[in-house]
Amino acid sequence: MDWTYTLAIILLPLATFLTIGLLDKSMPNKLAGVLGTASIGTAFLLSCYTAYQYFFVHGMVDGAYQKIVAFNMEWLRFTDTLHIDLGVILDPISVMMLMVVTTVSLMVHIYSNGYMHGERGFNKFFSFLSLFSFSMLGLVVATNLFQMYIFWELVGVSSFLLIGYYYEKPSAVAASKKAFITTRFADLGFLIGILLLSWYTGTFDFTELTQTTAIGGLAMAMPMGTSFLGLSIVSWALILIFMGGAGKSAMFPLHIWLPDAMEGPTPVSALIHAATMVVAGVYLVARLFPIYAIAAPDALTVVMWVGAISSLFAAIIACTQYDIKRVLAFSTMSQIGYMMLALGVSQYSEGSNLGFTASMFHLTTHAMFKALLFLGAGSIIHAVHSNSMLDMGGLRKYMPITFVTFGIAWLAICGFPGLSGFFSKDEILVAAMQHNTPVFIIAVIVAGLTAFYMSRLFFSVFFGKNTHYHHTPHESPKTMTIPLMILAFFAVFAGYIPFNEFVTSTGEPFHSHFHWNVAIPVTLIAFIGMGIAFVLYYKESEIPTKVTKALSWVYTTIFHKFYIDEIYLFVTKKILFGIVARFIAWFDRHVIDATMNGFAIVTNYVSVSIKGLQSGQIQKYGLIFLSGAIFFALVFIYLFV
Amino acid sequence: MDILSLFVVVPILTIVGILFTKGLKGTRVVAAVGMGVQLLMAFNLLFRYFAERRAGNTAEMVFQKAYTWFPSFNIQYAIGVDGIAVAMILLTSIVVFAGIFSSWKTEDLPREFFISLILLASGVFGFFISIDLFTMFLFYELAVIPMYLLIGLWGSGNKEYSAMKLTLMLMGGSALLILGLLGLYFNSAPNGGELTFNILEIAKVSIPHNVQMFFFPFLFVGFGVLGALFPFHTWSPDGHASAPTAVSMLHAGVLMKLGGYGCFRVAMYLLPDAAQQMGWIFLILTTISIVYGAFGAIAQKDLKYINAYSSVSHCGMVIFALLMMNKTAMDGAILQMISHGLMTALFFALIGMIYGRTHTRNIYEMGGLMRIMPFIAVAYVIAGLASLGLPGLSGFVAEMTIFVGSFQHQDVFHRVCTILACSAIVVTAVYILRVVGILLFGPVRNKEFETLPDARWYEKISMVTLILAIVAIGVAPLWLSDMIRESLTPIVTKLTAAAIN
Amino acid sequence: MNVIMFYILAAVILVCSVLTVTSRKILRAATYLMFVLIATAGLYFLLQVNFLAAVQLMVYAGGIVVLIIFSVLLTSHIEHQFELAAPSKSIPAALAAIAGAAICIASILQFDFTSRLAEQTTSPDIRQFGHAFLNYGDGGYVLPFEVISILLLAAMVAAIMIAKKNKQ
Amino acid sequence: MIQGIELQHILIITTLMFFVGVYGFLVRRNLITILMASELILNSVGINFVVFNKYLYPTAMQGYMFTIFIIAIAAAEAAVAIAIIINVYRRYKTINVENVSEMKY
């Protein structure tokens with residue numbers, strides 16, 4: 001079977017990027033929008049076709065979905081064994097990601113036609129969106145670690161460009177810078193991890209790296225020897241690689257860029273900072289999952305705890321924020337923490353790999369409902385011209401479609417029975433319960449908190465006080481509401497996709513059944529959270545203010561995101577860039593350069609001081625000559641004769 | 001006339017042509033035509049080289065020619081190129097071509113300016129084609145000396161001081177160099193026979209160990225000064241800051257590469273034992289260079305200073321990778337030379353254009369240039385992204401090759417150095433984004449700048465040439481990388497043999 | 001007689017030399033110089049080298065001194081008195097000169113000349129000089145003679161060239 | 001040979017004359033007087049040549065010839081020197097060596 005056509009999925013957005021980017025102003029806005037949408041639409045259709053072909057036509061070989069290398073090309077050779085290839089790999093998770101990315105991207109493209117209408121940089125926006133789609137798709141289909149790193153950087157830079165889209169706004173510039181530098185720092189870990197892993201295994205190739213033997217070990221010899229702090233080399237390598245993933249996925253403590261990244265246009269937040277790029281970290285761990293699970297359980301434990309802490313941490317902060325997009329951003333972080341946690345509690349062996357599937361499942365459903373939430377939020381912001389929840393209230397009357405679709409997404413993320421979030425969250429909780437009790441408890445708490453803060457958001461925006469608006473808000477145009485409706489459809493029904501049939505760590509499907517013993521109590525907890533929020537925010541009331549007053553310092557700490565940003569700022573701005581960089585700049589000018597100048601000065605000084613001898617006065621020369629002659633005469637006559 | 005000598009002859013013919021022109025208009029056209037021909041010749045050389053290799057010519061250097069011009073010391077005009085030299089010639093001709101277009105509006109003494117510029121270029125070309133150490137040195141000096149005039153006469157700011165400092169420091173390097181070269185010459189025939197300056201001949205003999213240990217520092221530091229090796233880099237910020245645009249481009253883009261090229265072609269290739277034994281000292285210095293240059297760039301306000309420190313960091317990377325002494329790392333080093341040459345030339349061209357419009361180089365006095373001059377701003381962003389190693393642009397290819405190559409060194413010391421060097425990519429991102437954020441983005445800080453024009457056609461030629469080259473290497477690096485890799489074989493073989501001893 | 005004559009001449013030479021370099025009036029210095037040169041010619045007569053003595057009188061005492069006096073008249077005021085040399089200059093110079101003289105004289109006195117003295121003496125007459133000047137064989141000086149001639153010619157031309165007023 | 005006068009005596013006289021000349025050369029500030037001092041030096045050397053020739057190698061001619069050449073060269077030198085001095089005087093209106101220092105450094 002020839003799979004080379006999959007290349008078109010990736011190259012179409014690239015071609016669009018180049019076309020729109022190079023023509024830029026000479027292209028009418030409308031054409032750019034249509035071109036961008038059409039190309040990603042084609043990519044979407046091709047992805048559907050690929051998924052159909054992969055899962056249903058090609059099907060399983062030896063009882064498992066195999067990895068198919070659809071295309072591979074040597075791009076750069078390092079040594080005889082190490083070379084960067086560019087290619088397309090097809091396996092359950094990459095096909096799944098292709099679907100997720102193209103779906104959300106298509107929706108965002110359609111939506112942006114309406115949302116960005118009349119912006120000066122409309123064409124630029126679409127070219128960047130295409131660039132992002134290209135990079136993300138390239139990342140998803142990477143056949144090797146280095147290709148992933150390449151596209152990893154490219155998504156980073158497209159994210160940078162899109163966050164900084166309103167480049168005349170200083171806060172947007174600062175946010176884009178912060179996002180790029182933070183993820184860049186994380187990528188340093190990724191890079192070193194790749195270097196370590198590739199040095200010991202001699203390959204970057206995923207297929208070779210994750211090849212397993214019949215008895216459940218890895219085909220490749222991994223450096224299991226203890227190296228540093230009691231962990232094996234491979235554990236360190238994978239922890240470092242995970243650092244890259246944690247940076248992109250905004251895991252604690254590298255999460256600081258995500259809330260600020262909301263400075264970008266809302267469709268961007270939906271596409272990049274909710275549905276696709278931020279889950280790249282999860283995808284990365286999933287990609288290397290066999291190595292994590294078999295060779296480096298320590299690293300997997302790190303993944304689990306980082307995921308658990310991040311999800312709790314973000315959920316707590318989300319309860320206090322007022323910026324609608326920031327609440328969603330923290331919610332994203334919390335949900336990605338969930339996915340990481342799910343990966344962390346999974347294992348490679350049969351029967352205990354529910355977490356992996358759950359994670360991928362949640363990734364998909366989350367992409368749908370979170371993109372929907374963001375696009376809905378965009379619709380609201382478009383109508384209200386403000387990000388702050390304090391400026392909103394009672395919007396249900398003005399924007400019915402947004403209200404309904406947003407409501408569906410809200411219920412989905414809260415885990416309302418029957419909607420997509422309910423199923424995927426349930427699987428994660430089951431996996432956690434089977435594996436690790438403390439993590440399970442955290443997950444349950446997070447589920448409750450999620451229900452609370454999402455309900456808080458929902459109620460205070462659509463119900464609550466009747467705010468007086470300058471311009472009466474009105475429903476958004478069709479280009480914006482249609483994607484909302486499509487995504488709402490997915491948010492409802494994505495949960496019914498039988499993931500355990502398709503996406504598993506080994507590629508072999510397994511049976512799973514619904515765990516009512518987990519689902520019922522957790523749903524109840526979620527309802528409690530929603531109930532509290534209902535009481536507090538459905539009608540305008542004094543209780544929230546009283547609560548915040550009662551918990552004043554705790555509240556302030558949480559509101560300031562536990563002061564993590566301030567600590568980072570202190571370390572980087574004050575110490576590294578302020579003191580260290582300045583010191584080096586000073587040192588260079590005043591010590592090293594001064595030394596070099598010092599040579600010149602000493603030379604000059606010596607020459608000035610002996611210049612007097614060369615006075616140009618013949619008599620002085622004569623005297624010196626005579627003295628010299630007498631001196632030598634004395635020496636020769638009386639010392640040597 | 002053989003294909004290589006043309007690279008020296010054409011610039012000289014161009015100079016002669018310029019002598020017959022009058023005024024800026026004629027001069028720049030002649031210069032552009034001459035350097036355009038040079039660029040075409042460089043491509044021709046590239047294809048001829050590939051054809052030669054494909055035809056099965058496995059000689060270390062191809063297109064060799066030798067004419068003795070000073071028989072009593074056996075000094076020859078010996079020329080020949082391998083893949084590395086071809087790549088460097090290509091780089092040089094691209095940068096010179098772009099440089100001519102960025103100095104399209106040199107109003108005062110245009111004839112003298114272009115003559116000096118092309119003289120400098122011919123020195124560089126001559127350096128890359130020579131395989132006779134003395135001739136090489138001659139061309140090297142030919143490249144260094146016009147620099148003094150160019151900075152001293154057409155520079156800006158504290159130009160006399162900078163020109164003097166730059167020339168004196170480089171001359172200091174040359175002094176060490178000539179000592180080292182003579183040391184090589186007088187030991188080029190330890191078993192009797194005729195002494196020679198020919199690199200290929202010297203490479204065949206094994207120079208006594210103590211001699212190697214004695215002369216290696218001279219040669220390495222001598223070339224290292226030009227390659228901005230810490231702590232001999234301080235000429236670079238001042239020199240670049242005062243130099244006119246095209247000179248900064250050529251200097252950072254090409255001339256600094258002479259240092260790195262000499263380091264491995266002469267110092268390490270001919271004195272491999274010493275390179276293996278003393279490499280660690282310089283490795284420490286270059287690691288410092290990399291991190292130090294990057295941090296130094298963060299605290300600067302002047303665009304040219306930022307770029308000069310960034311050059312220190314990037315050129316440090318070149319020598320760093322050379323000292324890893326394996327094929328991959330050295331391959332990366334040469335890729336880095338080319339990549340840095342292109343992007344730093346682009347940077348300096350852009351800085352020149354911005355300065356020509358705003359008359360300031362202080363980033364805090366500008367802002368929001370993206371809206372005023374989008375073409376220049378976009379080019380600046382591209383240059384910045386290339387500098388911080390974005391995939392798809394040349395910087396990534398070079399840096400990754402260096403890191404992977406350096407990591408092949410099993411030794412813990414080398415690994416730690418590699419990881420430290422890797423960390424520079426973060427700091428690089430910081431200073432690049434800082435400049436981009438302050439300079440290009442944000443609101444327009446100075447209202448007078450609102451009406452400034454965007455790039456003119458000649459500036460666009462200059463930018464587009466460089467950007468195309470950067471993207472070409474970034475997207476399709478394999479041909480270049482393989483060409484270099486194959487040419488590195490004799491050098492790496494010698495170094496490896498020395499390591500075993 | 002010779003002895004008395006010699007000591008008179010020696011006294012004139014020494015005294016006049018010292019006066020030449022210390023006199024504060026330039027014309028007097030020139031005059032003292034002339035006396036020294038004439039006394040030197042006398043010394044040559046005593047040594048019975050008559051030709052040389054004649055040359056000394058004609059060229060030195062007659063030519064050079066006149067030249068010097070001319071230039072003095074052209075460039076200086078005759079009545080002008082030099083100020084005394086600064087001690088910072090004269091004392092080191094005097095010390096150096098005295099030291100040099102002391103070393104030389106000490107060496108001269110130490111050296112044993114007596115064993116090397118020639119037994120008989122002859123005095124060259126003008127014929128011998130003539131032969132020597134124009135002889136190109138062994139012991140002939142025709143080449144130096146010509147060289148000196150050219151030198152003199154060149155010096156004359158140079159002197160004229162240098163002293164000529166620039167056309168302005 | 002002068003009867004009754006030893007070689008050394010004459011040499012001492014000329015040595016003294018020589019160093020008196022040197023002293024003058026070092027101390028005098030007027031260019032012409034410096035020239036005179038150098039004439040003294042030349043003269044003393046000339047005497048030495050004659051005396052050595054006469055006392056030690058009476059049959060030879062070298063010493064005499066040398067003296068003649070010295071006299072000739074002294075004449076040439078004086079001519080050129082005075083030409084220079086006159087020129088210097090024209091230009092600077094002085095012939096004091098310490099004031100004529102344009103060629104310094």
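Begin by selecting chain C: its radius of gyration (taken over C-alpha atoms) is 21 Å, whereas a compact globule of 168 residues would have one near 15 Å. That reference value follows a rule of 2.2 Å times the number of residues to the power 0.38. The model is predicted, so local features need pLDDT of at least 70 and side-chain atom pairs count only at pLDDT 80 or more, while totals for chains, interfaces and linings use all residues. Residues are numbered from 1 along each chain as its sequence is written, and chains are lettered from A and ligands numbered from 1 in the order in which they are written.

**Chain C**

Keep chain C selected and align the view with its principal axes, along which the C-alpha trace spans about 55 × 45 × 30 Å. Colour by secondary structure to find six helices and zero strands; helices are DSSP runs of H or I with at least four residues, strands are E runs of at least two, and both are numbered from the N terminus. Of the 168 residues, 27% count as buried, that is, with 20 or more other C-beta atoms (placed from the backbone) within 10 Å of their own.

Next, colour residues 2-84 and 124-167 of chain C as domain 1 and residues 88-117 as domain 2; such bounds come from an automatic or database domain assignment. The centres of these two domains, taken over C-alpha atoms, are 24 Å apart.

**Where chain C touches chain D**

Now add chain D. How many residues does each chain give to the contact? Chain C gives 70 residues and chain D gives 63, where two residues are in contact if their C-beta atoms, placed from the backbone, lie within 7 Å. On the side of chain C that touches chain D, select α3(C), residues 50-75; this helix gives the most, with 13 residues. By class, that side of chain C has 53 nonpolar, 15 polar and two charged residues. Here Ala, Val, Leu, Ile, Met, Phe, Trp, Tyr, Cys and Pro count as nonpolar, Asp, Glu, Lys and Arg as charged, and the others, Gly among them, as polar.

**Chain D**

Select chain D alone to see three helices and zero strands. Its C-alpha atoms fill a box of roughly 50 × 25 × 25 Å along the principal axes. Buried residues make up 58% of its 105 residues.

**A hairpin in chain B**

Finally, select residues 62-70 (β1) and 75-81 (β2) of chain B, two antiparallel strands joined by six bridges; strands pair if DSSP finds at least two bridges between them. K65(B) stands opposite I79(B) in β2(B). Between the strands of this hairpin are four residues, and N74(B) takes a positive phi near 55°.

Terms used: Buried ≥ 20, exposed ≤ 12 C-beta atoms within 10 Å, placed from the backbone.
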